[in-house]
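Here are some worked exercises to try with the model open beside you. Attempt each task before you read its solution.

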Number of protein chains: 2
Amino acid sequence: MAAEVAGTISRAARREAEEPHSLVARFDADRPLSLDCGVDLSPFQIAYQTYGTLNEERSNAILLCHALTGDQHVFNTHPVTGKPGWWTTMVGPGKPIDTDRFFVICSNVIGGCMGSTGPASTNPATGRPYGLDFPVVTIRDMVRAQAMLVDHLGIEKLFCVAGGSMGGMQVLQWVASYPERVFSALPIATGAKHSAQNIAFHEVGRQAIMADPDWHHGRYLDQDTIPRKGLAVARMAAHITYLSEPALQRKFGRNYQDRDRPTFTFDADFQVESYLRHQGSSFVERFDANSYLYVTRAMDYFDLGDDFGGVLGEAFRDAKTHFCVVSFTSDWLFPTADSRAIVHALNASGARVSFVEIATDKGHDAFLLNEPELIATTGGFLSAAARAHGLPEKDT
Amino acid sequence: MAAEVAGTISRAARREAEEPHSLVARFDADRPLSLDCGVDLSPFQIAYQTYGTLNEERSNAILLCHALTGDQHVFNTHPVTGKPGWWTTMVGPGKPIDTDRFFVICSNVIGGCMGSTGPASTNPATGRPYGLDFPVVTIRDMVRAQAMLVDHLGIEKLFCVAGGSMGGMQVLQWVASYPERVFSALPIATGAKHSAQNIAFHEVGRQAIMADPDWHHGRYLDQDTIPRKGLAVARMAAHITYLSEPALQRKFGRNYQDRDRPTFTFDADFQVESYLRHQGSSFVERFDANSYLYVTRAMDYFDLGDDFGGVLGEAFRDAKTHFCVVSFTSDWLFPTADSRAIVHALNASGARVSFVEIATDKGHDAFLLNEPELIATTGGFLSAAARAHGLPEKDT
């Protein structure tokens, strides 16, 4: 990609950080966000999108929680990449998360870079980007901010909170923090705590970013640069963990790029190398490196049971929420064992829970893909939950 | 580590690259190494160690092949790190690879950085380090160089060739290239080809190195610097793949470092982060970054069946070699399926083969550790093979 084009796209991403093509809820000094680290973040803003119409009873709202590098652009064209939103397989008219029937909300997480306040936002104390002066946030902080947004929208109780991966962590946290506000919950391909291996992979990514001299100890925006190479390496390492070995084998195997024998160089000889390099370089155009540090850190800190004396079931003690927990057989980032641990805790707390393990070779990223059993499971769960919640059947 | 100390150790590593504390076999212009890429490498040298005594019949030699970041220092104290050699669990008097009985040879691979010719060696054409002017080498090239060393030592037939991981690749290549020269073979935790996922992880490491401005397009030694941060990130990413998730959980879990709660910073809060950082920074003191590029590339190119029309069994067609193939249940870098593929090919070619899958949670690195079943398997296999080879019993 030519440097000029790269610069343009990068500027688009920076503009979205402060003046997003989204709805924006602004919270002034009278309504700070109380963070787990002890800081009151104020002022702050939340960028969000909505799809569909809130019914008169305000009872048909579904909050979607995005994953590490996702954002609020679930169904519309993404303002930076120009690509479709991240869950068009699942969300839209006639889809399982049916925008003809439900009012769908998705907000960019606190610490993110698509319009919610994060490390690329202007620090009111200095007039410059926060950088590492932005406070370290947690999954619970993200959910606290979402709850303030839901209040702002005049919604007392959500019909459903749903999401995959880090989004699933937020789903679990929602039920733990606000059990009376969540009628149903759909955590997908997630865990109630981040494993040592997952922390290790995140630490590799953070070290790659911080090793890049263009990172400037987090002050790269002041220098009008970005730690492009470091962030690309972080993305490449992470991307491997989103796929399965069989999927990599099926898609790329040991196929050479545009030839049938090695070049005996360090060029991208293999298709899988070329694919990874593209994943790295395209990610840099849409995501802020400091946000990557903050959001991975939030995931690493997540250990829901630890907040309840080490007994995960206690996190769901007061919940009357209907749960559907979903995992994928080839997901080695959040393996089925992680979902089973959630289900066991829910059973121990007497919650209503169904559990589906979907057979697929697509790995962790299956939650973002056109996976028929996931789509059928989600549709079936939401239909049944809607009936239990007293929502009218859809006009056909 | 203080910069001064780091500099000292780094100089020690650089000295070993050219004037190693090892035996050295030098091959002059009349004996070039013909590489797969078409280049004749000349002159070149191989640094090696031996342990035990070659018998009169020259029939008791065992060649050990080291893994990616290993070297010839199997049993003696390492001249750079001061630590014990890499296979003291397995090699020594009374050990399965018994130096009272066998003559043990291990050489640094071509492309390495512990005294065999590699990218840190002086390019005779320029008088400067080769850097990326060093030709890209393959596993077959490494084995070709080892065969020239074995010739140099006056040994016609090796009693055994053994090694784990990349060492195991060399074991397989030895039998394919020189079937009549290998009486028995012990490939451990390896595969007959490198998988797409493994290539992907290596590519992340190479990109991390090449992203470091101190790499200087491979000419860092001319600049009196090393790509310290990039190489450390490469090592961190690779190190995760050498362990298993259960082992990481058992060793570190989510334990904090020196405290019981998060710091809400990007310091190494978790023990697993601190451990990985140490793995990265200590590796930089002993290994050359360009060698890391070359040796990972050699592994990526390895696809033994591809050299035989895609039929792996053909690689072993003429072999009368006795095989023992070993895998570990928790090894996800070279999973048991890779070893099974080798065993199936050996069966198809009518070879003598036994296969042991060892139950352990220690992951790929189990081959380097004190794993009782591996030690017992190796001892039993070598004893039986020694009898079949007509070696006298050990005096007791």
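**Exercise 1. Cavities**

Find how many cavities of 30 Å³ or more there are, and which residues lie closest to the centre of the largest.

*Solution.* Start with the rule: on a 1 Å grid over the protein atoms alone, a cavity is a set of points where a 1.4 Å probe fits but cannot get out. Grid points are joined across faces, edges and corners, and the volume is the space filled by probe spheres set on the points. By this rule there are four cavities of 30 Å³ or more. The largest cavity holds about 180 Å³ of space. Next, look at its lining, meaning residues with an atom within 4 Å of a point. There are 17 lining residues, and those closest to the centre are B:Ala13, B:Arg14, B:Ile226, B:Phe287 and B:Asp288. Finally, helix α1 (residues 3-18) of chain B gives the most to this lining, with four residues; helices here are DSSP runs (H or I, at least four residues) and strands likewise (E, at least two), numbered from the N terminus.

A word on conventions: this is a predicted model, in which local features need pLDDT of at least 70 and side-chain atom pairs count only at pLDDT 80 or more, while totals for chains, interfaces and linings use all residues. Residues are numbered from 1 along each chain as its sequence is written, chains are lettered from A and ligands numbered from 1 in the order in which they are written, and side-chain values use heavy atoms, with hydrogens and water left out.

**Exercise 2. Two chains**

Work out what rotation superposes chain A on chain B.

*Solution.* Superpose the copies by least squares on the C-alpha atoms of residues with pLDDT of at least 70 in both. A rotation of 180° with 0.0 Å of shift along its axis does the job, with an RMSD of 0.0 Å. That is the relation of a two-fold axis. Now turn to the interface: 100% of the interface residues of chain A are also interface residues in chain B, so the copies meet through the same surface.

**Exercise 3. Aromatic rings**

Classify the ring pairs that involve Phe287 in each chain.

*Solution.* A pair of aromatic rings is described by the distance of the centres and the angle of the planes. Rings of Phe, Tyr and Trp (its six-membered ring) pair if their centres lie within 6.5 Å; planes under 30 degrees apart count as stacked, over 60 as edge-to-face and the rest as tilted. The whole structure has 38 aromatic pairs over all chains. One of them joins A:Phe287 and A:Tyr292, which are edge-to-face, at 6.3 Å centre to centre and 85° between the planes. In chain B, the centres of B:Phe283 and B:Phe287 are 5.1 Å apart and the planes meet at 15°, so this pair is stacked.

Then check burial (buried is under 20% relative accessible area, exposed over 50%, partly exposed in between, with a 1.4 Å probe and protein chains only). A:Phe287 and A:Tyr292 are both buried. B:Phe283 is buried at 2% relative accessibility, and B:Phe287 is buried at 9%.

As a last step, look for a charge over a ring (NZ of Lys or CZ of Arg within 6 Å of the ring centre and within 35 degrees of the ring normal). The charged end of A:Arg235 sits over the ring of A:Phe283, 4.5 Å from its centre. B:Arg235 lies over the face of B:Phe283, at 4.4 Å from the ring centre.

**Exercise 4. Backbone exceptions**

Which peptide bond in chain A is cis, and where does its proline lie?

*Solution.* Most residues other than glycine have a negative phi, and most peptide bonds are trans. The bond from A:Ser42 to A:Pro43 is cis, with omega near -10°. A:Pro43 lies in the loop between β3 (40-41) and β4 (44-51) of chain A. In chain B, the bond from B:Ser42 to B:Pro43 is also cis, with omega near -10°.

For phi, take B:Asp224, which is not a glycine yet has a positive value of about 55°. B:Asp224 is in the loop between α4 (196-211) and α5 (228-242) of chain B, and is exposed, with a relative accessible area of 60%. B:Asp258 has a positive phi near 60° and is exposed, at 71%.

Key
Contact = heavy atoms within 4.5 Å. 1 Å grid on protein atoms, 1.4 Å probe; cavity = no way out; pocket = protein on both sides within 12 Å on 5 of 7 lines; lining within 4 Å.
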